[in-house]
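Biologist: I am new to this structure and would like to go through it step by step. Please show it first.

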Amino acid sequence: MTPMAYATREDITARVRATFDACPSQRLKEVMTTLVDHLHGFARETGLTRQEWLLGVDFLFRAGQISDAARNEFMVLSDALGLTALVELMEDADEERTPTNNLGPFYVEEVPTLPFNADLRGDRPGTPMLLRGRVLGADGEPIPGASINLWQTQHDGRYDVQVPGLDEYRYRGWLRTDPQGVYQVRTIKPVGYTAPMDGPVGQMLRATARSPWRPAHVHFLIRAAGHRPLITEVYPQDTPHLEDDVAFGPRAALVVAPVEVRDRDEGARVGLSVPFVKLEFDFKLSPAEPGSER
Ligand SMILES: [Fe+2]
């Protein structure tokens, strides 16, 4: 064997790239070789030491350990590094539809289906809020029977899945739009929260003196036959941290002004005592691309 057969500091990046030469998928090959380029470039540019590399490997190891069905620390990491927001912004290029937005780490697919105007509040604290609007197609026509998975924080800024020992779902569920394409639910005003601070991402935020806060928002995942699914968030205009969100989520088209309702007749029509807050938001979907899942 000649020395040429072994990796050197100069040629290791090209060597790793070459290991993907036989990859049958051109796209997978492109993603993997570019990932190698950037990972190696990162290590070279920073002069990454063995100790720092080990810290990074341990960081990812602990992110895996603290993750479970209700908590995805890698999603928190992706959000905090702006990767989620960047991918969503790229997905939205030249789109007419409502902007997509971060899925976040607290989505649950298997939740109950709620009736129209369901009341999610129970006897718990929080500012009463009517959340309603329409789901529309690309040409503005309402879409009846669209499925909406909605989830938000309770009054203390935690999601139900973050409350230890809680054995029921709160402030989340599947909604259906009515024949006019309208969805409506009685809930509470969502509350802003910090990224989870008890795991490696929280440790990183503290060590780098970053703000951990997210503005208040409601998450939506919308599916309708013949349309691309939409994952997004809607932000009340009066919430703090719209412009310094740890996850870089807000877009102008997703921020909406809440309206305070004091009219008793309007309250009676929707089953809420005044005053309450009304947040109205219409979603615009785009047609499904043939053969595409998204
Ligand atoms: Fe969230």
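Modeller: Two strands pair if DSSP finds at least two bridges between them. The model is predicted.

Biologist: Which residue of β10 stands opposite Pro 236?
Modeller: β9 and β10 run parallel and are joined by two bridges, and at least two are needed for strands to pair. Opposite Pro 236 in β10 stands Val 256.

Biologist: In what order do the five strands of the open sheet lie?
Modeller: The pairing in this open sheet is mixed. β4 (172-176) and β10 (255-256) stand at the edges with a single partner strand each, so each has one side without a neighbour in the sheet. The order is β4-β3-β8-β9-β10.

Biologist: Which element gives the most residues to the largest nonpolar core?
Modeller: The largest nonpolar core has 32 residues, and Val 135, Ile 148, Leu 150, Ile 222 and Leu 285 have the most contacts inside it. Elements giving two or more residues to this core include β3 (147-152), β8 (218-223) and β2 (128-136). With five residues, the one that gives the most is β2.

Biologist: What does Leu 150 touch, leaving out residues up to four places away in sequence?
Modeller: Leu 150 is among the residues with the most contacts inside the largest core. Its partners beyond four places in sequence are Arg 172, Gly 173, Leu 175, Val 185, Val 218, His 219 and Phe 220.

Biologist: How many residues are in the second, separate core?
Modeller: Val 76, Leu 77, Ala 195 and Phe 248 are included in this second core. Its number of residues is ten.

Biologist: Are α4 and α6 roughly parallel or roughly antiparallel to each other?
Modeller: The axes of α4 (residues 73-80) and α6 (residues 200-207) come within 9 Å and cross at roughly 30 degrees. On the α4 side, Glu 73, Val 76, Leu 77 and Ala 80 make the contact, and on the α6 side Pro 200, Val 201 and Leu 205. Angles under 35 degrees count as roughly parallel. The two helices, α4 and α6, are therefore roughly parallel.

Biologist: What distance separates the centres of domain 1 and domain 2?
Modeller: The domain assignment gives domain 1 as 3-48 and domain 2 as 73-284. Taken over C-alpha atoms, their centres are separated by 40 Å.

Biologist: What percentage of the residues in the protein is buried?
Modeller: The protein contains seven helices and 13 strands. A residue counts as buried if 20 or more other C-beta atoms lie within 10 Å of its own. Of the 294 residues, the buried ones make up 28%.

Notes
Residues numbered from 1 in each chain as written. Predicted model: local features only at pLDDT ≥ 70, side-chain atom pairs only at ≥ 80, totals over all residues. Core = buried A, V, L, I, M, F, W, Y, C linked by C-beta atoms within 7 Å. Buried ≥ 20, exposed ≤ 12 C-beta atoms within 10 Å, placed from the backbone. Helix = DSSP H or I, 4+ residues; strand = E, 2+ residues; numbered from the N terminus. Contact = placed C-beta atoms within 7 Å. Domains from an automatic or database assignment. Axes fitted to C-alpha atoms, helices over the stretch in contact; angles between N-to-C directions. Parallel < 35°, antiparallel > 145°, perpendicular 65-115°, else oblique.
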